[in-house]
Amino acid sequence: MATRVLAFWYSHQSSVVRWQSVFSSSFSISNGVRQGGILSPFLFRFYIRKLIHKLTQSGIGCYMMNRFVNLLAYADDLVLLAPSWQALQNLLHILEKASKEISMICNTKKTVCMIFNPHIKSKIVCDKFPNFVLDGHQLSFVSSFRYLGHIVENKLCDNLDISREIRNLYFRTNVLKRRFSLCSLAVKLKLFRSFCICFYDIALWTNYSKTMYARMKSCYTKCVKTFFNFHKYSSVTEVFMYLGLPIFDTIVYNSRLSLFSRVSLCSNPLVSSLGGCVY
């Protein structure tokens, strides 16, 4: 019964576009699930399960902590891992064939390739490779890419992601200061904790320069003083003790501890085996 209800529901979907107080005419939606819907991740899992099964059962991939890995999937954001050019091209062929079977189209404009060379130069086999092909389109090579909000570099360095976080923190602080500068201290503290101490990916920072990390700490301190109207030469210790806010090193430590705890309790065997490599 429930299956029939869902089938009828998703086969008779319609939507309108709202622009201020004006609504467009209704149009039907023949495929896809609702953005942000509670059932959407559950249904999409069944939709893409056959594709994931064909990729993972291909036997083409890498070994991480003695575990075979060739696919990292977060909803429709897929990452393929392979030890060689030919191996990855074979995975792309499998992906192309499997996606057609479920009527899914790969967005080749947003699909890129990245090469992670060994740190020891003598072990580098080749520096240049021919372009990969997916759905008849050549894929471009990049040195950095934003995946799930985190910037990944082919040199496994986190400086670019730290720089991104610095820009975002300045932006969020300036927006809050313009809109809520006249609010009480309690309201400001709540806003700052909610919108400016939300570095969800800093626990992943493992390889970065001391200069870049010092810039991030300085940015955090400046934003605190700016938003709460402290003089730029005010004592950092006194400012944080008065406001009751954590210093940046404490935020990083708590984030790493939280990630390590969640990884340790995770039932996924791959994630659990990589837990010791978080730092």
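**Figure 1. Close-up of His12 in the loop between α1 (2-11) and β1.** In this predicted model, His12 is exposed, with a relative accessible area of 52%, a value that falls in the exposed class because that class covers residues over 50%. Along the chain His12 and Ser28 are 16 residues apart, and in space their C-alpha atoms are separated by 7.2 Å. His12 is also one of the residues that line the second largest pocket, which is the subject of the next view.

**Figure 2. Close-up of the second largest pocket and its lining residues.** The space in this pocket comes to about 160 Å³, and its lining consists of Trp9, His12, Gln13, Ser14, Ser15, Ile29, Asn31, Gly32, Val33 and Arg34. Strand β1 (residues 13-15) supplies the largest share of that lining, namely three residues. Sorted by class, the lining holds six polar residues, three nonpolar residues and one charged residue. As background to this kind of view, empty space left among atoms is revealed by rolling over them a probe the size of a water molecule.

**Figure 3. Close-up of Ser144 in strand β12 and the residues it touches.** Ser144 has a relative accessible area of 28% and is therefore partly exposed. When residues up to four places away in sequence are not counted, Ser144 touches Met114, Ile151, Val152, Glu153 and Leu160. Cys126, by contrast, lies 18 residues from Ser144 in sequence, and the C-alpha to C-alpha distance between Ser144 and Cys126 is 19 Å.

**Figure 4. Close-up of two leucines with positive phi, Leu148 and Leu156.** Leu148 is placed in the loop between β12 (144-147) and β13 (150-153), and its phi is near 55°, a positive value in a residue other than glycine. With a relative accessibility of 37%, Leu148 counts as partly exposed. Leu156 is found in the loop between β13 and α4, where its phi is likewise positive, at about 55°, although Leu156 is not a glycine. The relative accessibility of Leu156 is 47%, and this residue counts as partly exposed. For context, a negative phi is what most residues other than glycine have.

**Figure 5. Close-up of Thr173 within helix α4 (residues 159-180).** Thr173 is buried, since its relative accessible area is 2% and the buried class takes in values under 20%. Once its neighbours within four places in sequence are left aside, Thr173 is in contact with Phe192, Cys196, Cys223 and Phe227.

**Figure 6. The protein chain as the setting for the close-up views, with its nine helices and 13 strands.** The radius of gyration of the chain is 24 Å, well over the 19 Å that the globule rule gives for 279 residues, so the chain is more spread out than a compact globule. Taken along the principal axes, the box filled by its C-alpha atoms is roughly 65 × 65 × 35 Å. Of the 279 residues, 30% are buried, and the accessible surface of the chain is about 19,000 Å², with 59% of that area belonging to carbon and sulfur atoms. Among contacts with a separation of 6 or more, 56% are accounted for by residues 24 or more positions apart.

Definitions and conventions
Residues are numbered from 1 along each chain as its sequence is written. This is a predicted model: local features need pLDDT of at least 70, side-chain atom pairs count only at pLDDT 80 or more; totals for chains, interfaces and linings use all residues. Side-chain values use heavy atoms; hydrogens and water are left out. On a 1 Å grid over the protein atoms alone, a cavity is a set of points where a 1.4 Å probe fits but cannot get out, and a pocket is an open set with protein on both sides within 12 Å along at least five of seven lines; lining residues have an atom within 4 Å of a point. Grid points are joined across faces, edges and corners, and a volume is the space filled by probe spheres set on the points. Helices (H or I, at least four residues) and strands (E, at least two) are DSSP runs, numbered from the N terminus. Ala, Val, Leu, Ile, Met, Phe, Trp, Tyr, Cys and Pro count as nonpolar, Asp, Glu, Lys and Arg as charged, and the others, Gly among them, as polar. The radius of gyration is taken over C-alpha atoms; the globule rule is 2.2 Å times the number of residues to the power 0.38. Buried means under 20% relative accessible area, exposed over 50%, partly exposed in between (1.4 Å probe, protein chains only). Contact means heavy atoms within 4.5 Å. Accessible areas come from the Shrake-Rupley method with a 1.4 Å probe; for residues, only the protein chains shown count as cover.
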